[in-house]
Every structure is written in C-alpha cells, then in structure tokens.
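This report concerns helix packing and nonpolar cores. The sequence and the structure are shown first.

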Amino acid sequence: MDVLWRAGDPLPVRAVLAELNRDREPPLAYTTVMTVLSRLAERGIARRHRAGRGYAYEAALASPADIAVRQLLDEHGEAAVASFVDHVDGDARLRERLRRLVEGR
Amino acid sequence: MTRDRPFLVLVVAAAATYPALSLGWCVAALLGTERSAWEMWLAGHPGALAAPVLVLAAAVSVGGAGRVLVRGWWRTRRFRRWAERHRTRPCTTVSAVLTGFPARDRVRVVATDAPLAVTVGAWRPVIVVGDALARELGTVELRAVLAHEHAHVRRRDPLRSLLALVLAAHLWFLPAAAELRGRAWRAQELAADRAAVRRSGRAALAAALLRVTAQVPGAAVSAPFATAELLAARVAQLESGVPPRPAAVSRRCGALTVAGACAFVVAVAGAWTLMVLTCPCW
C-alpha cells in the first residue's frame, strides 16, 4: 500500500513488483504481488483499472486509519454494531428520490 | 412489535431445537450404557441411526454459535478500542448539537475521514461518529443521524444483531435462518429511521442520507446487494411512511429449509422411538 500511496497514479503489477524488490533479498515473485494486489482490490482497499492486457492498481483509501475503519465496517455484520450507512454508492434514481424528499415534494 | 417478527421467529426456532438436540445426547448416552439400545444399533434400527445424526447436528450448532459469539465479541471490542484511541474533541458546531442530545455521554467523536456513524457494543452501546462526517452534515442532518443512532441504543440493536447472528449460526441446517437474520437487520434499520423521522423530521433524515451516500468514496467498490436493497427500502419508507415488504424468499431457499426441517424432524422421531423402546426410566 505504501508503494501505491507514494505513486499516486495507477501502477501496473510489474511496476509495484520492481518498487518492492528494489532492496529486497530474495525478491518477491510476480505472482505473489499480483495475488496480494487482487486481494486488496477485492476488499476495496485498492482500485483496479484495466491497462493493456493486465491491470493497474491505485489506492482506494487514503490512509492506514481509513483502512482500519473500512475493515471494521466490513466486519460489522459479525459484530455488535448497527451502522447508519454501509458502503453504498447511492444509485442516481434513489438520490433523486431523496432530493425530492429533502425539498418536501 | 410485529415488525420485529423476524428476530422473534429466530429466537423461537432456536429455542425449539434445544429439547431435540438434548434428546440426541440422551440417546447417545443410552447407546453407550444400555445393552438393548446397543443391540438395536447393531441390528440397524433407524432410531439408533438417527441418534448420531442428532448429536452431530447439535455439535455443529453449538460449536458454530459459540464461534460466532466469540468472534462478534472480539470484533466489537476491537472496534471500541479503536474508537477510544481515535477519540477527538468535537468542533464547536458539533458540540452545540451534542449539548442538546439526550445521550451525549454515549457519543464518541473520532478523528476519521471515513463516513462513520455507528452504534457499537452489546451491553453498553456507544455511538461512534467520524468528525469529518459530523462537520460535513449540517446541524439538522447531524441531529437526524444521532436520533437514528439513539434509537439503536434504546432498542439495544447491537445486542440483537449479535444474537441474530448467533441464532442463525445455531440453525445452520435451515437456510431460511440466514434470510431471517437479514430481515431482522433490515427491520431494525427501518425502525431506527422511523424514530429519527419522529424526532427530527423526514426532510432532515433524507438530507442526511443524501449527504452520506454521496460522500462514500470508491465508485469501483460494488456494494453488497443487501445494503443496496436496504437503502432502497429506507427511501421507500421515507416516502410512504410505512416499511415496504421484503422480497419473497427464493424458492430454492424455501425448498432447502423445508428439507432441512424434515430431516431434523425425522431424526428426532427416530431418536425418540429408540428412547421409548430402550430407556430404563419407564
């Protein structure tokens, strides 16, 4: 995640691997990094974009604290927690209906 | 009260399995101690075969429920500790809202950019609000969010959620139990929304929901279906004032539940026959 945060822009797996392996002995395998990145994307911590034949990844959350909150909320279905919002992107039609309610129509 | 029906059904169904699951243990003990019972086992009597099935079902139920309970407790504790560590002094506008809030000693404002407004804790629930969200919401909207969370505190919803989770794990052989858990969760969110509307008005809650759904980052993250469905139900309730009916249970889930229930009843009947035939108590 540090590599993705430093980069700012989406990075292909190969670039993340090169960055990680710069001072690393023995070096990490390509497939290891690829697996870790795809897991991060599945958990919503990284974002995946199609780039050429593969994928490029960027950080979806801004800091370790955000990741902690995100994980806690992901787990909340299994804890004694009732949440006002889940990770839901309000779809445009629902948001339009909410807007009408706010305006009292 | 009728709106808490999914939760009550879960409680009653789980309670109903207890005598049957204990019967499994009794029959297992009989097989171990009574010669006649053992002979029936050797002869392949269906009642004798039902006993190990019941014992196994009971072990999975108790083990699964225990695991879920411990994990839920642990995760709750972790969340609360995190909230205490990141607690921050609310800004003046947020403080002003909190001054008029009846349960202000239960509110923890934490330093985070994440859109966080939750009630945590089974025994002594506290309301955790992210400071970024609190500042982003207007006074009226923040009051609506706090009213929603306060309803969770008064209803002891975190405890209910945890119990529903444990009971659904206990009833693992009935797929409809997981569906009931989902409905119980939906019912408690809708009830908290109704309380918030009574306290702060429909427009305030709608505005809070609008702000919050806009603020959630990560368009690439697909929301789980259940949460998208919940938001739709919450909007529908705000419009009509009454909670919408949940979607019907899928045919597959219904069929599997009926099959699970039948298998359970057959196992109980078999174990009971063996008990009646061989127990020295009567």
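The text below treats the overall make-up of one chain, two helix contacts and the nonpolar cores.

The model is predicted, so that local features need pLDDT of at least 70 and side-chain atom pairs count only at pLDDT 80 or more, whereas totals for chains, interfaces and linings use all residues. Residues are numbered from 1 along each chain as its sequence is written, chains are lettered from A in the order in which they are written, and side-chain values use heavy atoms, without hydrogens and water.

Chain B contains 11 helices and three strands, taken as DSSP runs (H or I of at least four residues for helices, E of at least two for strands) numbered from the N terminus. Along the sequence their pattern is α-α-α-α-β-β-β-α-α-α-α-α-α-α. Of the 282 residues in chain B, 48% are buried, meaning under 20% relative accessible area with a 1.4 Å probe and protein chains only. Among contacts (heavy atoms within 4.5 Å) with a separation of 6 or more in chain B, 73% join residues 24 or more positions apart.

Helix 7 of chain B takes part in both packings tabulated here. Axes are lines fitted to C-alpha atoms over the stretch in contact, and angles run from 0 to 180 degrees between N-to-C directions.

| Helix pair | Angle | Axis distance |
|---|---|---|
| Helix 3 (46–85) and helix 7 (157–170) of chain B | about 155° | 7 Å |
| Helix 1 (5–33) and helix 7 of chain B | about 40° | 10 Å |

Helix 1 of chain B is therefore oblique to helix 7 of chain B, the class for angles that are not under 35 degrees, over 145 or from 65 to 115. Residues of helix 1 of chain B in this contact include B:Phe7, B:Leu10 and B:Tyr18, and those of helix 7 of chain B include B:Leu163 and B:Ala164. The contact divides into 10 nonpolar, two polar and one charged residue.

Helix 3 and helix 7 of chain B are roughly antiparallel to each other. B:Gly64, B:Ala65 and B:Val68 are among the residues of helix 3 of chain B that meet helix 7 of chain B, where B:Leu162 and B:Val166 are among the partners.

The largest nonpolar core (buried Ala, Val, Leu, Ile, Met, Phe, Trp, Tyr and Cys joined through side-chain atoms within 4.5 Å) has 34 residues, and A:Phe84, A:Leu98, B:Val107 and B:Leu146 have the most contacts inside it. Helix 9 of chain B gives the largest share of this core, seven residues. Apart from this core lies another of 31 residues, including B:Ala164 and B:Phe173.

Note on methods: Buried means under 20% relative accessible area, exposed over 50%, partly exposed in between (1.4 Å probe, protein chains only). Ala, Val, Leu, Ile, Met, Phe, Trp, Tyr, Cys and Pro count as nonpolar, Asp, Glu, Lys and Arg as charged, and the others, Gly among them, as polar.
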